[in-house]
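Dear colleague,

I am passing on the structure below, together with some notes on what turned up when I went through it. Please read the notes with the model open beside you.

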Amino acid sequence: MQLEIAELLQTIAPPGSFAVQRSAPAEALRIDVQGVGALDLPLAPRTVSHLRDVAKPSRYGLREQTVFDTKVRDSREIARSRIRIDQRRWNATLIPLLDEIRAGLGLAEGVVLKAELHNMLLYERGQFFKSHQDSEKGDGMIGTLVVTLPSSFRGGEMTVEQHGEVMAFRGSRSDLQLVAFYADCRHEVQRVTSGARVVLTYNLLTEGVAAAMPPRVEPHTLDALGDALQRHFETPLGGRFGGEAAAPDRLVYLLDHEYTARGLQWDLLKGADAARASALRTAAERLDCEVFLAQADVHETWQCESDPDDWYPSRGRSWRDSWDDDDGDDDPADGGGDDAEPILSDLIDTDI
């Protein structure tokens with residue numbers, strides 16, 4: 001019965017994607033950097049050189065420490081306090097694009113996206129950032145917006161991944177490129193092979209969620225889902241350890257995306273989660289069932305194997321150390337800076 005419910009929910013098409021890209025003309029953005037002055041777009045090599053002079057090496061956090069490790073993150077950054085933008089001119093282009101991004105990400109109508117500047121990043125030849133994951137830094141934060149300034153460079157492709165699906169994004173020599181993605185998506189910046197990749201990073205926040213409308217689900221899907229739920233709660237299951245069979249008193253459905261406690265709200269569910277949760281909620285209410293959102297801790301124990309040629313003594317370190325940048329907002333998958341990662345082979349145990 002649970003499989004039938006899951007299959008019904010999977011037929012509900014996602015209203016959007018986990019990442020979207022939009023373009024804007026370079027003249028829409030007028031930007032001034034302290035110590036450099038006004039930036040002419042597209043960026044010239046001389047301007048990039050001046051930006052390098054006022055930038056500092058990017059940092060990341062490893063547990064309680066803040067460290068520099070160019071094996072993991074090799075870039076330079078400029079704090080937002082040194083950046084001045086003609087916001088009135090920029091908003092004329094940015095605000096309509098944010099509404100397109102909202103729709104592209106599958107967020108409900110009535111949700112308003114706001115972009116909060118975080119910093120500027122500079123990647124020159126040979127620089128990169130390994131796969132990492134952003135955390136939600138404040139109330140209402142749902143994702144990240146990266147605005148790539150027009151310049152001539154090769155490499156530096158940004159890839160965004162969600163459940164095995166990967167989307168790749170490149171910059172432009174003439175236009176601004178805006179890429180937005182959910183905060184729980186893993187992403188990385190490939191090595192720049194020539195020129196310089198310069199981006200503005202923004203935190204994407206939501207406003208106006210009280211007015212958001214739930215995604216529409218086809219009536220026949222709701223009817224089938226309601227029937228399946230009723231059978232689920234009426235069908236006795238074998239008791240644990242040979243006990244008496246009894247009908248279940250609950251159903252747990254795991255969402256696709258990850259959520260923090262403050263971000264777990266009906267109106268802020270991401271992509272397909274919004275439509276599927278809305279369908280479950282409607283079907284449950286028809287059956288007079290209680291329905292609510294909750295966080296789940298999923299624990300899995302795997303047997304893992306490593307390539308003997310890449311083996312090194314871990315001295316007790318876990319195979320996936322957590323680490324993030326200096327603001328505590330990233331969690332790259334490769335904490336120790338080693339390229340090799342053990343291969344998961346067999347699932348031994350799991351519990352929720």
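**Cavities**

A search of the whole structure, which is a predicted model, finds three cavities of 30 Å³ or more. The second largest cavity holds about 70 Å³ of space, and its lining is made up of Gln21, Val146, Thr148, Phe153, Gly156, Met158, Phe169, Arg170, Gly171, Gln177, Val179 and Arg197. By character, these lining residues divide into five nonpolar, five polar and two charged. Two strands, E12 (141-148) and E16 (175-182), each supply at least two residues of that lining.

**Salt bridges**

Side chains of opposite charge can pair when their charged atoms come close. In this model the count comes to ten salt bridges, and I describe three of them here.

In one of them Arg231 pairs with Glu4, and the closest N and O atoms are 2.6 Å apart. Because Arg231 lies in helix H4 (residues 219-234) and Glu4 in helix H1 (residues 2-10), the pair ties together parts that are 227 residues apart in sequence. Arg231 is partly exposed, with a relative accessible area of 34%, and Glu4 is also partly exposed, with a value of 31%.

Another salt bridge joins Lys270 to Asp184, with 3.3 Å between the closest N and O atoms. Lys270 sits in the loop between H4 and H5 and Asp184 in the loop between E16 and strand E17 (186-189), so this pair ties together parts that are 86 residues apart in sequence. Are these two residues buried or exposed? Lys270 counts as buried because its relative accessibility is 1%, and Asp184 is likewise buried, at 9%, the cut-off for buried being under 20%.

The third pair that I would point out is Arg250 with Asp249, where the closest N and O atoms are 3.2 Å apart; here both Arg250 and Asp249 are exposed.

**A nonpolar patch on the surface**

Val252, Leu254, Val298 and Ile352 form a nonpolar patch on the surface, and together these residues have about 380 Å² of accessible area. One of them, Val298, is placed in the loop between helix H5 (272-286) and strand E19 (299-305), and with a relative accessibility of 43% Val298 counts as partly exposed.

**Residues brought together from separate parts of the chain**

Two pairs of C-alpha atoms may be useful to look up in the viewer. Pro57, which lies in strand E4 (residues 56-57), is 19 residues from Arg76 in sequence, while the two C-alpha atoms are 4.3 Å apart in space. Pro57 counts as partly exposed, at 37% relative accessibility.

The other pair is Gly263 and Met141, which are 122 residues apart along the chain and have their C-alpha atoms separated by 7.6 Å. Gly263 is found in the loop between H4 and H5, and with a relative accessible area of 9% Gly263 is buried.

**Backbone details**

Most residues other than glycine have a negative phi, and most peptide bonds are trans. Against that background, three places in the backbone deserve a look.

Which residues does a cis peptide bond join? The bond in question lies between Leu41 and Pro42, and its omega is about 0°. Pro42 is found in the loop between strand E3 (37-38) and helix H2 (45-54).

His163 is a residue other than glycine with a positive phi, near 50°. His163 is found in the loop between strand E14 (158-162) and strand E15 (165-169), and is exposed, with a relative accessible area of 59%.

Asp288 likewise has a positive phi, in this case near 60°, and is not a glycine. Asp288 is placed in the loop between H5 and E19, the loop in which Val298 of the nonpolar patch is also placed. Asp288 counts as exposed, because its relative accessibility is 72% and the cut-off for exposed is over 50%.

With best wishes

Conventions: Residues are numbered from 1 along each chain as its sequence is written. This is a predicted model: local features need pLDDT of at least 70, side-chain atom pairs count only at pLDDT 80 or more; totals for chains, interfaces and linings use all residues. Side-chain values use heavy atoms; hydrogens and water are left out. Patches are made of residues with over 30% relative accessible area and no salt bridge: like charges are joined within 9 Å, nonpolar side chains (Val, Leu, Ile, Met, Phe, Trp, Tyr) within 5 Å. Accessible areas come from the Shrake-Rupley method with a 1.4 Å probe; for residues, only the protein chains shown count as cover. A salt bridge is a side-chain nitrogen of Lys or Arg within 4 Å of a carboxyl oxygen of Asp or Glu. Helices (H or I, at least four residues) and strands (E, at least two) are DSSP runs, numbered from the N terminus. Buried means under 20% relative accessible area, exposed over 50%, partly exposed in between (1.4 Å probe, protein chains only). On a 1 Å grid over the protein atoms alone, a cavity is a set of points where a 1.4 Å probe fits but cannot get out, and a pocket is an open set with protein on both sides within 12 Å along at least five of seven lines; lining residues have an atom within 4 Å of a point. Grid points are joined across faces, edges and corners, and a volume is the space filled by probe spheres set on the points. Ala, Val, Leu, Ile, Met, Phe, Trp, Tyr, Cys and Pro count as nonpolar, Asp, Glu, Lys and Arg as charged, and the others, Gly among them, as polar.
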